[in-house]
Each structure stands twice: as C-alpha cells, then as structure tokens.
Amino acid sequence: MLRCSIRTTSLGFAMTALWEDILHNDQLIQDVAPIAVDIALLEGVLMRTKDDPNASDAVNYAPFTLLPSAVPSSLLEQAYAVQQDFNLLVDEVSRNTEFLERTLASTVKVDDFTAQLFKIYKQVLEEGITQSVTLGINRSDYMFDYGADGAPALKQVEINTIAASFGGLTSRTTAVHRHVLNVLGKPKEASKLLTNNPSKGIAMGIAKAWELYGSDRAVVMFLVEEAQRNIFDQRCVENDLWLRNIRVIRRRFKDVFEKASLDNDKRLHIDGEEVAVVYYREGYVPKNYNKQNWEARLLLERSRAVKCPDIATQLAGTKKVQQELSRPGTLERLLPNKPEAVARLRATFTGLYSLEMDEEGDKMVAMAIADPDRFVLKPQREGGGNNLYGEELKQLLEKIKDSPERTSYILMDKIKPLPALNYLLRAHSPLKISECVSELGIFGVYIRQGQAVVVNKHVGHLLRTKAVEHADGGVAAGVAVLDTPYVI
C-alpha cells in the first residue's frame, strides 16, 4: 500500500513539475513562443476570425498550449480501451426506443429542444426507417480526478454524439509541439509524442458509410453552420474524402429547406446531387434551429441518406441519458452477457444524479444547495459553456427547486483534476503563465448495417487545456486551447 501511495504521489509530482526548467525561464519563453505560433500556422492549425467567420482572407492560429501536458499512460490506455464499449453502448441506446422514451419522458415536458428532437424521432419511427446503415462518430471526454488518496482516476465528463469537433486540427497539433520541444533542446522528449490522426479515422468511417450506401455518383454532404470559424478542422476530414475520390458538398439547413427534396424511394437530392451521407457539424444547440431548420432536419431524417448522427443517436448523447446509464443495473440490461465491457464503462463514471420531482430529486436539490462546490449542474446541451457551478448553481436551484423545470438538468459530482503550469497561446493575448487543467477526448467510429456492427474503432485523441479560472467551455467556445499529451 505504501509503495502504491508513493507511486501516485510521484505521478502527481511528475504531472505538475513537467517542464519546470523551461516554464520559469522568461527569456526562453519569449524566444520560443513566436516560433511556436509560426509552426502552428505552417502546420495548418488555423481558425477564421470572429470578425469574418465566413471568409479565409484573414485567418489566425487556433489557440494552443506552448508545451504538451502530462497525461498518465495508464489513464490514456484506459480511455482507449473503453472507447469501443462506448461505441456499442451508444448504438444500443439509440436502438432501444423503450429506454429512450422512458428516460426522456420528464425532460421532453420541460425542455423544448429535446422535445422537438424527440418529436422528429417518433415521426420517423412511425413512418419506418428507410436506411439500415448507421454511422456513429463520437468523442468521449474525460478528466483526471485526484481523490483523497492522491491516485488519479479517469472520469467521464460527457460523450458527444453529434458534431464532435477538432479531430482535424488535433491531427496537426502534435507536429507543433514536437518542433517546440526540439527547439528547446529536448529531442528525446519530442520523439515520445504519440502519432495522432483522428481526421483520417473519421474520414474512413464516412467513406465506409458512403460505400455501403451503394452509389458511386452520390456525394457526402457536410451540414455546416451559418458562421464557419472552424472550417479548417472540417477541411481536414473533407480533404481525406476527396483523396478517396469521394465528392463532398457543404450546405446549411437554409439550403436544405430551400433546395432539397426526396424522390419516391426517399433518396435525398440537392442542387442536382444525390446525397449518400449527411455529416452534421451543426444542429446540436437550440440556436441552430428556427421553424424552417426544424423542417429541414425532418426532411434529412426521413431520407435514405446515412445520417451521422441520426436523431436517435443524438438523443443517446443527452445528459439525461448519461445520468440514467449510471444507475445500478442499467448497463447490465443494455449490454447483457458483456460483464467486462460493463465493468470498463462503469469504472469511468462519476456520481450522476437525477432531479426528478420525487424524493430522490428533492434530496439531491437540497444537497446541492447546501454544498454547491461539490457539484456541476448540467442542462441538456452540447457545445460547451452551458454548465453551472458554485454560487450560480445554488441560485438557479433555489429558484427552480419546486418547479418541474429542474428535471431538464442533471447533477454531477465535480471532478477534481490536478492543475499544472503552462502558457496558453492565443492571438492578440498577452503571454502569461497559467495554472491549467486538461480534458482528454477519445474519438470513436462505428457502423452498423442491419443487425451487424461492421466497424467499431477508436481513431485518435484530443487533449484540450484551460486555465483553472474558467470552469466550463471548449476551444470553439473560446475557453480551452489545443494541447498534446506527453505520456508519463
């Protein structure tokens, strides 16, 4: 036991003390930061600007850490090992109508967005599913929780089942950090950085779904946002598809509403092209939808095109489903005869609690109001920047504690990672040292054809890091920055 605690303490020290010799050498930092920025531009770690999100006349580097961040090898291996289980779990949930209906019953009464998704889901089920191929591209996100014993544990923050981003830019970030370490005279450490190419794996999944659709004249349609700041991340995947001689078009909900149609076989056509695969990089938050966009979503969902994701898979990624999966016995019912997979999945769960209008919900509301710093309050939303902490959490719960509105949220135990020092490089921001925490994401790709799962893979990772003062939010939300794991 003593040996174990010495090992975990030394691991914690290694994580926080990494790059100690560099971080406090101000002159060295001043010299190497501009080199890092130039390499990021050279490697294509790019975003469009806030001022002009739909033109590439002016672009800048996507924010990133100056140095790679320490990640314990055992936790990285664990995250990779459980990804195929998560792929199968999401697939099972998306196919289990009874489970989705029961789990989301109270949520759809108080959350309009989930209710609209659910309405389309039910309508398409009643009409009959026209496409037997399902493509799932997801990203399961974790933080490293340091308990009372000082041992780090891998704990899931959430799983993103729609528009999981940064598979492209993270494929290019490793080369930036490798170069920075070489410039700093650390070639041995530079050589230890893992090769990572999620965009290639994501493109592989889309290409396989396109192939199974069975028409080499058909195109892949990226469904994209009105403001396309993160276009280069998408172009990485897009270019991989063009290299496979698969044509890609980019359209918005507005274009679908105005120009798309279904033929008698429910094949989807737009601008004279038949669409084999719809890959959503949009459609995950309420502000993406108006009346026309909901109609466009219904049209896409009714079509024969392979949807990534279909609406059932988007519902499978809701926070309410995440909370329900953590209940004793739920995984066993969804994955019968798979005790090893269940054990791997459950090991990553942190405490998740329902706020239903019942005794259990009342108890959790009272606990959270009494000790708000122990919890995170999560609405049914993707995209970062939606969660509530501390005083804000307390104030909202005090306001809605007796209202059914509380059922549109779940409570989660707050994960407590170990902060480490780094420099976060952002365009037009001063260079300063920050205390940071990291979040590790693993990309998964699966394809089901009829009853058979024909692809089930993990295809790479994403490390994002943010200053400790920012409780919530990702890279696209302007809070976290791209990073590379330095495995210890």
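Q: How many salt bridges are there in this predicted model, and what makes a contact count as one?
A: The count comes to 31 salt bridges in this predicted model. To be on that list, a side-chain nitrogen of Lys or Arg has to sit within 4 Å of a carboxyl oxygen of Asp or Glu.

Q: Why is the contact between R95 and D91 called a salt bridge?
A: Their side chains meet at 3.8 Å, N to O. The cut-off is 4 Å, so the Arg–Asp pair of R95 and D91 qualifies. Both residues belong to helix α4 (residues 73–95), four residues apart, or about one turn of the helix.

Q: What makes D91 buried or exposed?
A: D91 has 2% relative accessibility. Buried means under 20%, so D91 counts as buried.

Q: And what about its partner R95: why is it called partly exposed?
A: R95 comes in at 31% relative accessibility. Partly exposed is the range between the 20% and 50% cut-offs, so that is the label R95 gets.

Q: How do you know that R251 and D271 form a salt bridge?
A: Look at the closest N and O atoms of R251 and D271: they are 2.9 Å apart. The limit is 4 Å, so the pair passes. R251 lies in strand β8 (residues 248–251), while D271 is in the loop between β10 (268–270) and β11 (273–280), so the bridge ties together parts that are 20 residues apart in sequence.

Q: Why does R251 count as buried?
A: R251 has 19% relative accessibility, and buried means under 20%, so R251 counts as buried. D271, with a relative accessible area of 39%, is partly exposed.

Q: What makes E324 and R327 a salt bridge?
A: The side chains of E324 and R327 meet at 3.0 Å, N to O, which is within the 4 Å limit. E324 has 10% relative accessibility, so it counts as buried. R327 has a relative accessible area of 26%, so it is partly exposed.

Q: Which residues are joined into one network by salt bridges that share partners?
A: That would be D91, E92, R95 and R448.

Q: On to cavities: how many does a search of the whole structure find?
A: Four, counting cavities of 30 Å³ or more. The largest cavity has a volume of about 210 Å³.

Q: What lines the largest cavity?
A: There are 19 lining residues, and S69, A70, L418, A420 and S438 lie nearest the centre. The lining divides into 14 nonpolar residues, five polar and no charged.

Conventions. Residues are numbered from 1 along each chain as its sequence is written. This is a predicted model: local features need pLDDT of at least 70, side-chain atom pairs count only at pLDDT 80 or more; totals for chains, interfaces and linings use all residues. Side-chain values use heavy atoms; hydrogens and water are left out. On a 1 Å grid over the protein atoms alone, a cavity is a set of points where a 1.4 Å probe fits but cannot get out, and a pocket is an open set with protein on both sides within 12 Å along at least five of seven lines; lining residues have an atom within 4 Å of a point. Grid points are joined across faces, edges and corners, and a volume is the space filled by probe spheres set on the points. Ala, Val, Leu, Ile, Met, Phe, Trp, Tyr, Cys and Pro count as nonpolar, Asp, Glu, Lys and Arg as charged, and the others, Gly among them, as polar. Helices (H or I, at least four residues) and strands (E, at least two) are DSSP runs, numbered from the N terminus. Buried means under 20% relative accessible area, exposed over 50%, partly exposed in between (1.4 Å probe, protein chains only).
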